[in-house]
Amino acid sequence: MTPRCTEDSGVLVLGGGAAGLSLAHRLTESGTATAVTLVEPPDGPLRPAERTWCYWGAGTDGLEEAVSASWSVLRLHGADGGSVTVDPAPFTYRMVRSADFERMVHGRLARTEGARLLRGTAEAVRAVPAGAEVRCALPGGRFLTLHARRVFDSRPLPGLPPARTRLLQHFRGWFVRTDTDRFDPAVADLMDFRVPQPAHGLAFGYVLPLAPDRALVEYTEFSREVLTTAAYESALGHYCRDILGLGRLTVERTEQGVIPMTDARFPRRAGHAVFRIGTAGGATRPATGYTFAAVQRHSRAIAAALRDGHDRFPAPHGLRALAMDAILLRALDTGRIDGPRFFTDLFRRVPAERLLRFLDGTTSLREEWGIGLRTPVRPMLRTAAEVPFLPRRSRPADRTGGHTR
């Protein structure tokens, strides 16, 4: 007979990705971690490969221990070969590696009374009168049933909700070492549109220097379908060789991922005591794929609400930001706007600090109006007029994964 046991916990966090780790971190940081359990898959095929998460931040944010690199200058290369270099002060662009973040959060859990890490696979979540119950498979064939007043679930959804527009941000990256110094460690290339553009959507290179002779170099597309590994490798080889001119290099590690870009409405609850977080809860910014900064804001808001004794948690993104993103996604998907020119012109025409706050969804209505006037007004207005009347359709096969920007 399979061994079983039952335990109680005040708060359960399911999944050890960016969202689960971030919420566990903010709960322990705020002192609201009474009887909190973070459930992560054990070592093995269910555990994701090491990945990187990037975001822009200002000042101290509680993540300093996990930040492995940062950049004070951002650059874009237009499809015409021209470049735009901006100083985003007071922001810097920051990289967090999942292994470093895990060590930081796991250490905090170990030092916090009442908090713990549980290695297991959450198999079923169901509502019970006093909260929720989670059945976990543990290593060695044992099962553990956890009762909790609140459960925060970051596990991927089996399929994306119905949407009017559905694109994917998909990418493959090489951590490269070059034979000679080729990179400026202070400058991050966020978008390099000098790569060949696909028939539908857009493509760009992405370079995060880690040292004069080391960098993360990625090839990224915004389009409807992912590529084969061979196609990503070919595009990366062309980018490194023919556009960046890196010469001889060694690929030390690779990473690959897919991020949904969709105007789907993500349900933030899966029961009266079960809350969705991360991409599953709508934290990914639809028009950019950026998620990590929104996850931090959402995690802090949840921790503050629990500290104050209620469970009224704000959405990761406001309705105004989501409405603007729905219009931009539709305009990109229909080809009414030229994606490379659109993003390059935004960085040319809008102060960097304001634009980064806009991309994070923290600008005022007045600021957003000013930014909107610097976009292609006619195609955007045409798209805004049609979006409310478009039907939302399902596509059950959608699955996403990878790292989070």
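**Figure 1. The open sheet of seven strands in the predicted model.** In this predicted model, seven strands make up an open sheet whose order is β6-β5-β14-β15-β16-β13-β17, and the pairing within this sheet is mixed. At its edges stand β6 and β17 (249–262), each of which pairs on one side only. From one strand to the next, the twist averages 15°. One of the strands in this order is β13, which spans residues 166–178 and includes R166.

**Figure 2. Strand β5 with β6 and β14.** Strand β5, residues 73–77, pairs with β6 in the antiparallel sense, and four bridges are found between these two strands. With β14, by contrast, β5 runs parallel, and five bridges join the two. L76 can be followed into both pairings: M191 in β14 stands opposite L76, while V84 is the bridge partner of L76 in β6. H77 has a bridge partner in β6 as well, namely S83. The hairpin of β5 and β6 has five residues between the strands, and G81 in this hairpin takes a positive phi near 95°.

**Figure 3. The cis peptide bond between A89 and P90.** The peptide bond that joins A89 and P90 is cis, with omega about 10°. P90 belongs to the loop between β6 (83–86) and β7 (91–97), so that this view links two sheets of the model, given that β6 is an edge strand of the seven-stranded one and that β7 belongs to the sheet ordered β3-β7-β4.

**Figure 4. The open sheet of three strands.** Three strands in the order β3-β7-β4 form an open sheet with antiparallel pairing. Because β3 (52–58) and β4 (67–71) stand at the edges, each with a single partner strand, one side of each is left without a neighbour in the sheet. The twist from one strand to the next averages 30° here. Between β4 and β7, which run antiparallel, there are four bridges, and A69 stands opposite M95 in β7.

**Figure 5. The buried arginine R166.** R166 is found in strand β13 and counts as buried because its relative accessibility is 14%, below the 20% cut-off for that class. The side chain of R166 reaches the backbone oxygen of R393, and the distance is 2.8 Å.

**Figure 6. The largest cavity and its lining.** The structure holds three cavities of 30 Å³ or more, and the largest has a volume of about 140 Å³. Its lining is made by 13 residues, among which L190, M191, F204, T288 and Y290 lie nearest the centre of the cavity. Two or more lining residues come from each of the elements β14 (187–192), β15 (202–211) and α6 (339–349). By class, the lining of the largest cavity comprises ten nonpolar, two polar and one charged residues. M191, which lies among the residues nearest the centre of this cavity, is also the residue of β14 that stands opposite L76.

**Figure 7. The second largest cavity, with α1 and α4.** The volume of the second largest cavity is about 40 Å³. A19, L23, I277, G278, A283, A294, V295, H298, S299 and I302 line this cavity. The elements that give two or more residues to this lining are α1 (18–30) and α4 (292–307), and α4 gives the most, with five residues. Seven of the lining residues are nonpolar and three are polar, whereas no charged residue is found in the lining of the second largest cavity.

**Figure 8. Helix α6 and its start.** Helix α6 is mostly covered, since eight of its eleven residues are buried. The buried residues of α6 are G339, P340, F342, F343, T344, D345, L346 and F347. At the start of α6, the backbone nitrogen of R341 has a side-chain oxygen of D338 within 2.8 Å. The helix is also one of the elements that give two or more residues to the lining of the largest cavity.

**Figure 9. Helix α7 and the glycine that follows.** Helix α7, residues 352–360, is largely enclosed by the rest of the structure, because seven of its nine residues are buried. The buried residues in α7 are A352, L355, L356, R357, F358, L359 and D360, so that R357 and D360 count as buried alongside residues such as L355 and F358. Just after α7, G361 takes a positive phi of about 80°.

Conventions: Residues are numbered from 1 along each chain as its sequence is written. This is a predicted model: local features need pLDDT of at least 70, side-chain atom pairs count only at pLDDT 80 or more; totals for chains, interfaces and linings use all residues. Side-chain values use heavy atoms; hydrogens and water are left out. Buried means under 20% relative accessible area, exposed over 50%, partly exposed in between (1.4 Å probe, protein chains only). A polar contact is a pair of N or O atoms within 3.5 Å; within protein, one must be able to donate a hydrogen and the other to accept it, and residues adjacent in sequence count only if both atoms are side-chain atoms. On a 1 Å grid over the protein atoms alone, a cavity is a set of points where a 1.4 Å probe fits but cannot get out, and a pocket is an open set with protein on both sides within 12 Å along at least five of seven lines; lining residues have an atom within 4 Å of a point. Grid points are joined across faces, edges and corners, and a volume is the space filled by probe spheres set on the points. Ala, Val, Leu, Ile, Met, Phe, Trp, Tyr, Cys and Pro count as nonpolar, Asp, Glu, Lys and Arg as charged, and the others, Gly among them, as polar. Two strands pair if DSSP finds at least two bridges between them. Axes are lines fitted to C-alpha atoms, for helices over the stretch in contact, and angles run from 0 to 180 degrees between N-to-C directions.
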